[in-house]
Amino acid sequence: METLPTGISVLDRQFGGGLPSGSVVVLKANPDSQSELILDRFARVRRCRYLTTVRSADAVEAALSGDGDEETTVEATTEVGDLDEAAALTGDLPEAGTLIVDSVEPLEDGAAPAAYAEFLDDLRSRVDDAGGVALLHALRGGEDPRTRRVTEQVADVVFDLRTTVTGTEIANRLVVPKYRGGAALEEPLKLKLTDTVAVDTSRDIA
């Protein structure tokens, strides 16, 4: 099984070069966090199909334009929670490429659990056939969608980005509680999320 880099050096070091091809990854984060930086890194490392369910395609393309030289195709859903539309827009996956769904909760909210589970199973099969990686952006806030547990259960890897503000410090810690077929991280990674993703080497002060 091929290992695919994430585009984030600290994660690639932790996981022996990247993630196994065919992996479905869930990134849980607060909507007011810098989690989009992680999506940006995933999108730039190789060919990518990016499905946006909330923002416009133009907004995503503008955010991704810059120093990345890999091809990214951005698609936007027009009907909230339409699984058939989402499946059609994510059907043509690049070989050994990346699929990003940003964000996944409109799909979680708008479908029956059985239909949503079938959608994820089909997505997993297509990602596996392409030998790529899928990243599902799952935002927290209020009550989780009723199918969030389905998302986490189907996922091979769960990234849980936890952002806390204490006094004058903003701390970002990435917890990886699930890594199917590999070793989950025993401790959180403290990250610095500014205009890039790096290890935060500052000391915690009790």
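# Exercises on a predicted chain

The chain has 21 positive and 38 negative side chains, and 7 Å separates the centres of the two sets. The model is a predicted one.

## Exercise 1. Overall form

Task: Describe the secondary structure of the chain and decide how its radius of gyration stands against the globule rule.

Solution.
1. The secondary structure comes to 7 helices and 11 strands.
2. The radius of gyration is 16 Å, and the globule rule gives 17 Å for 206 residues. These values are close, so the chain is as compact as a globular protein of that length.
3. Along the principal axes, the C-alpha trace spans about 50 × 35 × 35 Å.

## Exercise 2. Surface and contacts

Task: State what share of the residues is buried, what share of the accessible surface belongs to carbon and sulfur atoms, and what share of the contacts joins residues at least 24 apart.

Solution.
1. Of the 206 residues, 50% count as buried.
2. The accessible surface comes to about 10200 Å², and carbon and sulfur atoms account for 47% of that surface.
3. Taking contacts between residues at least 6 apart in sequence, 65% join residues at least 24 apart.

## Exercise 3. The buried side of helix H3

Task: Find the buried residues Ala-57, Val-60 and Leu-64 in helix H3 (residues 57-64), and explain why they are on the same side of H3.

Solution.
1. Ala-57, Val-60 and Leu-64 are buried in H3.
2. They cover an arc of only 65 degrees around the axis, so they lie on the same side of H3.
3. The general rule is that an α-helix has 3.6 residues a turn, so residues three or four places apart point the same way.
4. The buried residues of H3 pack against helix H2 (36-44), strand E4 (48-52) and strand E5 (72-76).

## Exercise 4. Helix H2 and Leu-135

Task: How many of the 9 residues of H2 are buried, and which residues is Leu-135 in contact with, leaving aside neighbours within four places in sequence?

Solution.
1. H2 is mostly covered, with 7 of its 9 residues buried.
2. The buried residues of H2 are Leu-37, Ile-38, Leu-39, Asp-40, Phe-42, Ala-43 and Arg-44.
3. Leu-135 is found in strand E7 and counts as buried, at 0% relative accessibility.
4. With neighbours within four places in sequence left aside, Leu-135 is in contact with Leu-39 and Phe-42, and also with Val-25, Leu-27, Leu-99, Ile-100 and Val-101.
5. The C-alpha atoms of Leu-135 and Ser-103 are 9.7 Å apart, while 32 residues separate the two along the chain.

## Exercise 5. Two arginines in one loop

Task: Place Arg-140 and Arg-146, and decide for each whether it is buried, partly exposed or exposed.

Solution.
1. Arg-140 lies in the loop between E7 and H7. Arg-146 lies in the loop between strand E7 (133-139) and helix H7 (148-154).
2. The cut-offs are under 20% relative accessible area for buried and over 50% for exposed, with partly exposed in between.
3. Arg-140 has 22% relative accessibility, so it counts as partly exposed. Arg-146 has a relative accessible area of 60%, so it is exposed.
4. Not counting residues up to four places away in sequence, Arg-146 touches Ala-111, Ala-112 and Pro-113. Under that exclusion, the contacts of Arg-140 include Lys-28, Asn-30, Asp-160 and Arg-162.
5. From Glu-105, the C-alpha separation is 9.1 Å for Arg-140 and 9.6 Å for Arg-146.

## Exercise 6. Ser-21 in its loop

Task: Is Ser-21 buried or exposed, and which residues is Ser-21 in contact with, leaving aside neighbours within four places in sequence?

Solution.
1. Ser-21 lies in the loop between strand E2 (19-20) and strand E3 (24-29).
2. Its relative accessible area is 15%, so Ser-21 is buried.
3. Apart from neighbours within four places in sequence, Ser-21 is in contact with Met-1, Glu-2, Leu-4, Gly-131 and Gly-132.

## Exercise 7. Backbone angles

Task: Describe the peptide bond from Asp-102 to Ser-103 and the phi of Ala-96.

Solution.
1. As background, most residues other than glycine have a negative phi, and most peptide bonds are trans.
2. The bond from Asp-102 to Ser-103 is cis, with omega near -5 degrees. Ser-103 lies in the loop between strand E6 (98-102) and helix H5 (105-109).
3. Ala-96 has a phi near 55 degrees, a positive value in a residue other than glycine. Ala-96 lies in the loop between helix H4 (83-89) and E6.
4. Ala-96 has 25% relative accessibility, so it counts as partly exposed.

Note on methods:
Residues numbered from 1 in each chain as written. Predicted model: local features only at pLDDT ≥ 70, side-chain atom pairs only at ≥ 80, totals over all residues. Heavy atoms only, no water. Helix = DSSP H or I, 4+ residues; strand = E, 2+ residues; numbered from the N terminus. Rg over C-alpha atoms; globule rule 2.2 N^0.38 Å. Buried < 20%, exposed > 50% of the residue type's maximum accessible area, 1.4 Å probe, protein only. Contact = heavy atoms within 4.5 Å. Areas by Shrake-Rupley, 256 points an atom, 1.4 Å probe, with all protein chains shown as cover. Lys, Arg positive; Asp, Glu negative; His and termini not counted. Charge placed at Lys NZ, Arg CZ, Asp CG, Glu CD. Arc of directions from axis to C-beta.
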